[in-house]
Amino acid sequence: MPEIISLGPKADRVLVPLFQQPGALPCFLDRVREKQVNLENAAVTDPITLTITGTVRVRNLDFHKSVYVRYTLDNWRSYADLQAVYAENSCDGFSDKFSFTLHGNSVQVGQRIEMAIRFHCRGEQFWDNNYDTNYVFQCLPITQPSPMISSRPLSGPAGAISSMLPSAEPTWCTNFY
């Protein structure tokens, strides 16, 4: 029997974004112009620790500015603010970019991470909450695929049985090339 080697911890849950990445939208810079701030992207970069990294784009209204990611795990009964960090040399004259890292290792299956972005500049606050729906990651269990084993014999046309059984030789479709 072959020996099974484990290469480290396995993920038992996954964070799934329930929103489209705003930076991929053709109207992204229009949204930044309209709201002064917009999440550019957020993605899970470590599936074991459920780490989310992202970037935020803000209008270059002044040199002094701060950006925060406000997030909750309990539907806003409590929340925390995570300060984003300025991305060096990201100013294009119109906007600046900030980045953040959110560690979601305490999130349990069934929980949601909801986020909104706050931009503070010249004594004013600007918000991006994805047009009142927030940026949401849902925590789901990872299910292992089970092998499909049938206890009943295969039946049907003679060619059907042989075409369903695995063969030692790879099957190539010649009309594909």
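Strands, as the word is used here, are DSSP runs of E with at least two residues, numbered from the N terminus. In this predicted model, Pro141 belongs to such a run, namely strand β10, which covers residues 135-141. With a relative accessible area of 45%, Pro141 is partly exposed, since that class lies between the limit of under 20% for buried and over 50% for exposed residues. Leaving out residues up to four places away in sequence, Pro141 touches Asp12, Arg13 and Val109. The C-alpha atoms of Pro141 and Ala11 are 9.1 Å apart in space, although 130 residues separate the two in sequence.

The chain as a whole gives the setting for this strand. The protein chain holds 2 helices and 10 strands, and their order along the sequence is β-α-β-β-β-β-β-β-β-β-β-α. The chain has 177 residues, of which 31% count as buried. Among contacts in the protein chain with a separation of 6 or more, 62% are between residues 24 or more positions apart.

Helix α1 spans residues 28-35, and its buried residues are Phe28, Arg31, Val32 and Lys35. Seen down the axis of α1, these buried residues fall within an arc of 100 degrees, so they line one face of the helix. The spacing can be read against a general rule: an α-helix has 3.6 residues a turn, so residues three or four places apart point the same way. What do the buried residues of α1 pack against? Their partners are β2 (37-46), β3 (51-59), β9 (124-128) and β10, the last of these being the strand that also holds Pro141. At the end of the helix, the charged end of Lys35 sits over the ring of Tyr131, at 4.3 Å from the centre of that ring. Just after α1 comes Gln36, which takes a positive phi of about 75 degrees.

Two of the strands that α1 packs against, β2 and β3, also belong to an open sheet of 4 strands, whose order is β2-β3-β7-β6 and whose pairing is antiparallel. The edges of this sheet are β2 and β6 (85-86), each with a single partner strand, so that one side of each is left without a neighbour in the sheet. The partner of β6 is strand β7, residues 95-103, and the two pair in the antiparallel sense over 2 bridges. In one of the pairings, Val85 has Ser99 in β7 as its bridge partner. Helix α1 packs on the sheet by touching β2 and β3, and the direction of α1 makes about 125 degrees with that of β2.

The segment before α1 can be followed through Pro22, which is found in the loop between β1 and α1. Pro22 counts as buried, at 1% relative accessibility. Neighbours within four places in sequence aside, Pro22 is in contact with Phe28, Arg31, Asn38, Leu39, Glu40 and Tyr135; of these, Phe28 and Arg31 are among the buried residues of α1. Pro22 also lies 6.2 Å from Asn41, C-alpha to C-alpha, with their positions 19 residues apart in sequence.

Tyr135, one of the contacts of Pro22, leads to the aromatic pairs, of which the structure holds 4. The rings of Phe19 and Tyr135 have their centres 5.2 Å apart and their planes at 75 degrees, so this pair is edge-to-face, as planes over 60 degrees apart are counted. Phe19 lies in the loop between β1 (13-17) and α1, whereas Tyr135 is in strand β10, so the pair ties together parts that are 116 residues apart in sequence. Are these two residues buried or exposed? Phe19 is buried, with a relative accessible area of 11%, and Tyr135 is buried as well, with a value of 0%.

Phe19 also forms an edge-to-face aromatic pair with Phe137, at 5.4 Å centre to centre and with 85 degrees between the planes. This second pair likewise links distant parts of the chain, with Phe19 in the loop between β1 and α1 and Phe137 in strand β10, 118 residues apart. Phe137 counts as buried, at 0% relative accessibility. Through these ring pairs Phe19, Tyr135 and Phe137 are linked into a cluster.

Conventions:
Residues numbered from 1 in each chain as written. Predicted model: local features only at pLDDT ≥ 70, side-chain atom pairs only at ≥ 80, totals over all residues. Heavy atoms only, no water. Buried < 20%, exposed > 50% of the residue type's maximum accessible area, 1.4 Å probe, protein only. Contact = heavy atoms within 4.5 Å. Arc of directions from axis to C-beta. Pairing = 2+ DSSP bridges. Axes fitted to C-alpha atoms, helices over the stretch in contact; angles between N-to-C directions. Phe/Tyr/Trp six-rings, centres within 6.5 Å; stacked < 30°, edge-to-face > 60°. Lys NZ or Arg CZ within 6 Å of the ring centre and 35° of its normal.
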